[in-house]
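The exercises below ask you to read helix packing, burial and backbone geometry from a single chain. Work through each task on the structure before turning to the solution that follows it.

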Amino acid sequence: MLLTGPVDSKLRRSDTFSEANRLHPGSIFSFLPADGASRAGAVAQHVSRTLTEGPGKLGAALSGDRPAVLLADFDRRAYSVWSASEAPRRLDGRTWGAFVSHVDGIEVLNAREVHARQLAGLFDYARERYDFICADLTGAKEAHGLEVLRASEAIFLVATSTHSSLEGVCEKSSWLHQIDLGERCALLLERVPNGVSAAEAEDITGLPVCSLIESDAQIRQLALWLHASTVQPESGEASFALAG
């Protein structure tokens, strides 16, 4: 879906998304861990922070105002003014502040506190107010995760290059294909000692390696590509480097 060309290439050129799954302002990017060792949360936070810095920090080729970015965190167990049984039935401007806080310069939605049946409306509300929504599905309940995945333009499975982690990718990828979300998926890979190569990871999982995530530079480059693909989708020329 995302990439073509040899996996050992220094430059990976992205294919444009299908018309039915085109990136646009308000796009939701889900980060789904393959297993407990995957750094989905850290990657989602890093991408969110980089996008929040705006085009000036992302690269001179991009132009425009600082984008509004929301990190939807399903693993945060911070104190909330609402209990699970008392959460407001209607989520709007008056209740939004009860769920959103500023953490390390990022606007973070404590999505864990929201009832699963309210998530669709919540993300519709968020799409109108944010240019990018990054959803960290680490620790998400199944009902929560399913709602967010269905609303996502792109689903990034985050894994290490160990066989056990890639087996987790295969299981989740198979499930996502069963619910017709397989075409939205790509792999974010952290190579580790004694792990497989990026090419082998693609062969094992059947998913394209969208980016390596072993350094800040690689994750920032991923954010650059997401920004360029969203604000300039008509160009069809977005590309990014697989550093390493």
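The secondary structure of the chain amounts to seven helices and 11 strands, where helices (H or I, at least four residues) and strands (E, at least two) are DSSP runs numbered from the N terminus. The model is a predicted one, in which local features need pLDDT of at least 70 and side-chain atom pairs count only at pLDDT 80 or more, while totals for chains, interfaces and linings use all residues. Residues are numbered from 1 along each chain as its sequence is written, and side-chain values use heavy atoms, with hydrogens and water left out.

**Exercise 1. The chain as a whole**

Task: determine what percentage of the 244 residues in the chain is buried, and what percentage of the contacts with a separation of 6 or more comes from residues 24 or more positions apart.

Solution. Begin with burial, where buried means under 20% relative accessible area, exposed over 50%, and partly exposed in between (1.4 Å probe, protein chains only). By that criterion, buried residues make up 50% of the 244 residues. Turn next to contacts, which are heavy atoms within 4.5 Å; of those in the chain with a separation of 6 or more, 73% are accounted for by residues 24 or more positions apart.

**Exercise 2. Helix α1**

Task: find how the reach of helix α1 compares with the expected value, and decide which residues of α1 are buried.

Solution. Helix α1 covers residues 40-53, and its 14 residues reach 20 Å from the first C-alpha to the last, close to the 20 Å expected at 1.5 Å a residue; the expected span is 1.5 Å times one less than the number of residues. The buried residues of α1 are A40, G41, V43, A44, H46, V47, S48, T50, L51 and T52. Because 10 of the 14 residues are buried, α1 is largely enclosed by the rest of the structure. As a single case, take S48, a residue of helix α1, which counts as buried at 0% relative accessibility. Leaving aside residues up to four places away in sequence, S48 touches V69, L71, I106 and C134.

**Exercise 3. The pair α3 and α4**

Task: characterise how α3 and α4 cross, and identify which residues of the two helices meet.

Solution. The axes of helix α3 (residues 119-127) and helix α4 (residues 142-151) come within 10 Å and cross at roughly 40°, the axes being lines fitted to C-alpha atoms, for helices over the stretch in contact, with angles running from 0 to 180 degrees between N-to-C directions. That angle makes α3 oblique to α4, since angles under 35 degrees count as roughly parallel, over 145 as roughly antiparallel, 65 to 115 as roughly perpendicular and the rest as oblique. At the contact, L119, A120, F123 and R127 of α3 meet H144, E147, V148 and A151 of α4. By class, this contact of α3 with α4 has five nonpolar, one polar and two charged residues, given that Ala, Val, Leu, Ile, Met, Phe, Trp, Tyr, Cys and Pro count as nonpolar, Asp, Glu, Lys and Arg as charged, and the others, Gly among them, as polar.

**Exercise 4. The pair α5 and α6**

Task: repeat the analysis for α5 and α6, and establish whether S173 is buried or exposed.

Solution. Helix α5 (residues 163-178) and helix α6 (residues 198-205) have axes that come within 9 Å and cross at roughly 40°. This makes α5 oblique to α6. Here H163, L166, V169, C170 and S173 of α5 meet A201, I204 and T205 of α6, and the residues of this contact divide into five nonpolar, three polar and no charged. S173, which is found in helix α5, counts as buried at 4% relative accessibility. Not counting residues up to four places away in sequence, S173 touches L157, T205 and L207.

**Exercise 5. Positive phi in loops**

Task: state where D180 and N194 lie, and what their phi values are.

Solution. Most residues other than glycine have a negative phi. D180 nevertheless has a phi near 65°, a positive value in a residue other than glycine; D180 lies in the loop between α5 and β9 (185-190) and, at 67% relative accessibility, counts as exposed. N194, also not a glycine, has a positive phi of about 70°. The loop between β9 and α6 holds N194, which is exposed, with a relative accessible area of 84%.
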